[in-house]
Amino acid sequence: SRRGLMGRIVFRELHGLVLLDKPLGLSSNQALQEVRRLFRAAKGGHTGALDPLATGLLPLCFGEGTKLAAHLLGARKAYRATCRLGFTTTTGDLEGEVANERAVPSLDDAAIEAALAPLRGRIRQVPPVYSAIKQGGEPLYAKARRGEAVDVPAREVDVYRLVLAGREGDLLHLEIECGTGTYIRSLAVDLGEALGCGAHLTALRRIWVEPFTSPRMHTLDELRERAGQGDDVLLEALLPVSAAVAHLPALHLDAAQSQAIAQGRRIALDGTGIPSGLCAAFADDGALLALVERGPDGLLRVQRGFNLPPGG
């Protein structure tokens, strides 16, 4: 039964990931909590928060899957964004007040390309004042809302791809691939300054997050409908934890090796074919056991261990 005595939801140990298509208007945490209640998952987390005004892929992790959140946070991401020229806002997007209004000059594609070019590659970017970055243990947006002067230091981020996908008057449609910590709002603001007229973000949709580059996303409405059809139908939307490491080299261990890794011990594997970098180690029962890495001594070290049922 989904509910116990007093009508309370009975939560359960549940391990896996849900690729949510986050709706407009909900914070990432609000979306997570709703999905967690639908699945009755005792433990949950999300990777790479989306602003309330953004939609698209928000990987949600449950149970042992939450141990992967930090690894997914550093992943490459892709977005579609729309920014409006001629206005800047206090937040860099539609949530803020209009801060400045300027005339939009006559711009051809070449002028826009010239403004986009310096925003590609390894760039220095000033994050928005209204962001969740913490300073002195407090998010910047809390300081900004109190009217405090906030000095946000620039930081290096990676923008792998940034192209103009279309234009309707003063609206520019952009396609972006970037690394962790990149603020699309800041890209819109910097583009507006380079064009001499200012800009702010009006729409943002996240298309994919590595390793989920062709994701089958589920909307909240779809998940609610599945929940109404029964647990089996709902659980079809839950990916195994191992789906998040499918892009890593896989090592399949025997029983003795599995026991050693489960106990956190370093082990030697026969052969020279062990890849460098992070690998996914699977136990003899098929369960994802750990993320491991070969050390300078050639031994495999556990970077993150999992406690999953067979085949999990």
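**View 1. Cysteines without a partner in this predicted model.** Let's start with cysteine 178, which counts as buried because its relative accessible area is 1%, below the 20% cut-off. Cysteine 197 is buried too, since its relative accessibility is 0%. Does cysteine 197 have a sulfur close enough for a bond, or is the closest one too far? The closest cysteine sulfur belongs to cysteine 83 and sits 9.0 Å away, so it is too far for a bond. A search of the whole structure fits with this picture: it finds zero disulfides. As a reminder, a disulfide is a covalent bond that links the sulfur atoms of two cysteines.

**View 2. Leucine 20 and its surroundings in strand E1.** Here we zoom in on leucine 20, part of strand E1, which spans residues 16-22. Its relative accessibility is 0%, so leucine 20 counts as buried. Which residues does leucine 20 touch, once those up to four places away in sequence are set aside? The list holds Ala31, Val35, Gly56, Leu57, Leu58, Leu60, Met217, His218, Thr219, Leu220 and Leu223. Methionine 217 deserves a look of its own: it is 197 residues from leucine 20 along the chain, yet the two C-alpha atoms are separated by 5.3 Å.

**View 3. Phenylalanine 39 and the nonpolar cores.** The largest nonpolar core has 46 residues. Which of its members touch the most others? They are Val35, Phe39, Ile176, Ile184, Leu191, Leu195 and Leu223. Take phenylalanine 39 as an example: neighbours within four places in sequence aside, it is in contact with Arg12, Leu14, Val18, Leu223, Leu234, Leu235, Ala237 and Leu238. Another core lies apart from the largest one and has 20 residues, including Leu17, Leu19, Ala75 and Leu288.

**View 4. An open sheet of four strands, with helix H8 across it.** Follow the strands in the order E14-E15-E16-E17 and you trace an open sheet with mixed pairing. Strand E14 (250-252) and strand E17 (300-305) are the edge strands, each pairing on one side only. From one strand to the next, the twist averages 40°. How do E14 and strand E15 (residues 278-282) run, parallel or antiparallel? They run parallel, joined by three bridges. For a residue to click on, try alanine 250, whose bridge partner in E15 is alanine 280. Helix H8 (residues 255-262) completes the view, lying across E15, strand E16 (288-294) and E17. The helix runs at about 80° to E16.

Conventions:
Residues are numbered from 1 along each chain as its sequence is written. This is a predicted model: local features need pLDDT of at least 70, side-chain atom pairs count only at pLDDT 80 or more; totals for chains, interfaces and linings use all residues. Side-chain values use heavy atoms; hydrogens and water are left out. Helices (H or I, at least four residues) and strands (E, at least two) are DSSP runs, numbered from the N terminus. Buried means under 20% relative accessible area, exposed over 50%, partly exposed in between (1.4 Å probe, protein chains only). Contact means heavy atoms within 4.5 Å. A nonpolar core is a set of buried Ala, Val, Leu, Ile, Met, Phe, Trp, Tyr and Cys residues joined through side-chain atoms within 4.5 Å. Two strands pair if DSSP finds at least two bridges between them. Axes are lines fitted to C-alpha atoms, for helices over the stretch in contact, and angles run from 0 to 180 degrees between N-to-C directions. A disulfide is a pair of cysteine sulfur atoms within 2.5 Å.
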